[in-house]
Amino acid sequence: MPTLLITGAAGIVATALRPLLREHYALRLLDRRPVDDLQGGETSLVGDLTDARFVRDAVQGVDAILHLACAHGTDIRFESTVEPNYHATLYLLEAAERFAIKRFVFASSHHVLGQYRADSAEFFDEHPVAPDSYYAMSKVFGEAACATFSLRSQLATFIVRIGNVDPKVSDARRLRMWTSARDLAQLVRIGLENDQVRNEIVYGVSESPNPLFHNQRARSLGYVPKDNGKDYLADNYLSYEAMPADG
């Protein structure tokens, strides 16, 4: 069974993905705090991705990397993103190249397009990046870094611009870009296993009545969403009309 290194393994997204991925991979779970609910086929690795030597040691012996860890939030300052989002991503890519890792899945964000109006009727897949924050800028950097390493080495990179991964859909904006854990896991597996992947950008979204992204490239690689956000509305779901003006 191939070994998959997951960064940010104690986080919400990784916790949701683990049960769906450990059926197919041995999971090396990396975080700054220990993962204390380990299951069969999982090991925990505690350390900081801003330590290049630690990153090299963590990457040795794995077959692929799922990079979820980052400093996130649209209100954080640029200085808060430099080490965990820029340097750490580079350290992982450099280690992947050094040890001839074959696959690297990078968790990007819909915030790289965050300055477009979410209540527009158009699709945004082909729009130029328009990051809405320093956090989103760091994701644009991560996407570019993936392209650099993919084009100069044997490392295939797969960028997933994740929408909203809450268990329930809270409002009309999130409905247009919500994803279930099992749909996101399906995308991760495409990034890790599909032979057509070289350097791809896809969207981490399930089906919805009025999607922001048609996700054509993901579908051409075999992505078939199993869930639709309209079936997961929260009890206090807000329509566009009911949302705050800045929502």
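In which handedness of crossing, left-handed or right-handed, does helix 1 pass helix 6? Helix 1 passes helix 6 in a right-handed crossing, and this briefing on a predicted model takes up that pair together with the packing of helix 3 on helix 4, the buried side of helix 2 and three buried residues. Two packed helices are described by the angle between their axes and the distance between the axes, and both pairs are presented below in those terms.

**Helix 1 and helix 6**

- Helix 1, which spans residues 12–21, packs against helix 6, residues 181–193, at an angle of about 70°, and their axes are 9 Å apart.
- Since angles of 65 to 115 degrees count as roughly perpendicular, helix 1 and helix 6 are therefore roughly perpendicular to each other.
- On the side of helix 1 the contact is made by Val13, Ala16, Leu17, Leu20 and Leu21, while helix 6 contributes Ala181, Arg182, Leu184, Ala185, Val188 and Arg189.
- Sorted by class, the contact of helix 1 with helix 6 holds nine nonpolar residues and two charged residues, with no polar ones.
- Ala185, which lies in helix 6, is buried, with a relative accessible area of 5%.
- Not counting residues up to four places away in sequence, Ala185 touches Leu17, Leu20 and Leu21, three residues that also belong to the contact made by helix 1.
- The C-alpha atom of Ala185 is separated by 22 Å from that of Gly61, a residue 124 places apart from Ala185 along the chain.

**Helix 3 and helix 4**

- The axes of helix 3 (residues 79–98) and helix 4 (residues 134–152) come within 10 Å of each other and cross at roughly 15°.
- Because angles under 35 degrees count as roughly parallel, this crossing angle makes helix 3 roughly parallel to helix 4.
- Helix 3 passes helix 4 in a right-handed crossing.
- Helix 3 enters the contact through Thr81, Asn85, Tyr86, Thr89, Leu90, Leu93, Glu94 and Glu97, and helix 4 through Tyr134, Tyr135, Met137, Ser138, Phe141, Gly142, Ala145, Cys146, Phe149 and Arg152.
- By class, the residues in the contact of helix 3 with helix 4 are 10 nonpolar, five polar and three charged.

**The buried side of helix 2**

- Helix 2, residues 52–59, has among its residues Phe54, Val55, Ala58 and Val59 as buried positions.
- These four cover an arc of only 130° around the axis, which puts them on the same side of helix 2.
- An α-helix has 3.6 residues a turn, so residues three or four places apart point the same way.
- The cover over the buried residues of helix 2 includes helix 3 as well as strand 1 (3–7), strand 2 (26–31), strand 3 (42–46) and strand 4 (64–67).

**Buried residues in loops**

- Asn164 is found in the loop between strand 6 (156–162) and strand 7 (169–171), and at 10% relative accessibility Asn164 counts as buried.
- Leaving aside neighbours within four places in sequence, Asn164 is in contact with Arg174, Met177, Trp178 and Thr179.
- Ser180 has its place in the loop between helix 5 (172–175) and helix 6, and with a relative accessibility of 7% Ser180 counts as buried.
- With neighbours within four places in sequence again left aside, Ser180 is in contact with Ser206 and Asp227.
- The C-alpha atoms of Ser180 and Ile12 are separated by 12 Å, although these residues are 168 residues apart along the chain.

Technical notes
Residues are numbered from 1 along each chain as its sequence is written. This is a predicted model: local features need pLDDT of at least 70, side-chain atom pairs count only at pLDDT 80 or more; totals for chains, interfaces and linings use all residues. Side-chain values use heavy atoms; hydrogens and water are left out. Axes are lines fitted to C-alpha atoms, for helices over the stretch in contact, and angles run from 0 to 180 degrees between N-to-C directions. Helices (H or I, at least four residues) and strands (E, at least two) are DSSP runs, numbered from the N terminus. Angles under 35 degrees count as roughly parallel, over 145 as roughly antiparallel, 65 to 115 as roughly perpendicular and the rest as oblique. A crossing is left-handed if the near helix is turned anticlockwise from the far one by less than a right angle, and right-handed if clockwise. Contact means heavy atoms within 4.5 Å. Ala, Val, Leu, Ile, Met, Phe, Trp, Tyr, Cys and Pro count as nonpolar, Asp, Glu, Lys and Arg as charged, and the others, Gly among them, as polar. Buried means under 20% relative accessible area, exposed over 50%, partly exposed in between (1.4 Å probe, protein chains only). The arc is that of the directions from the helix axis to the C-beta atoms.
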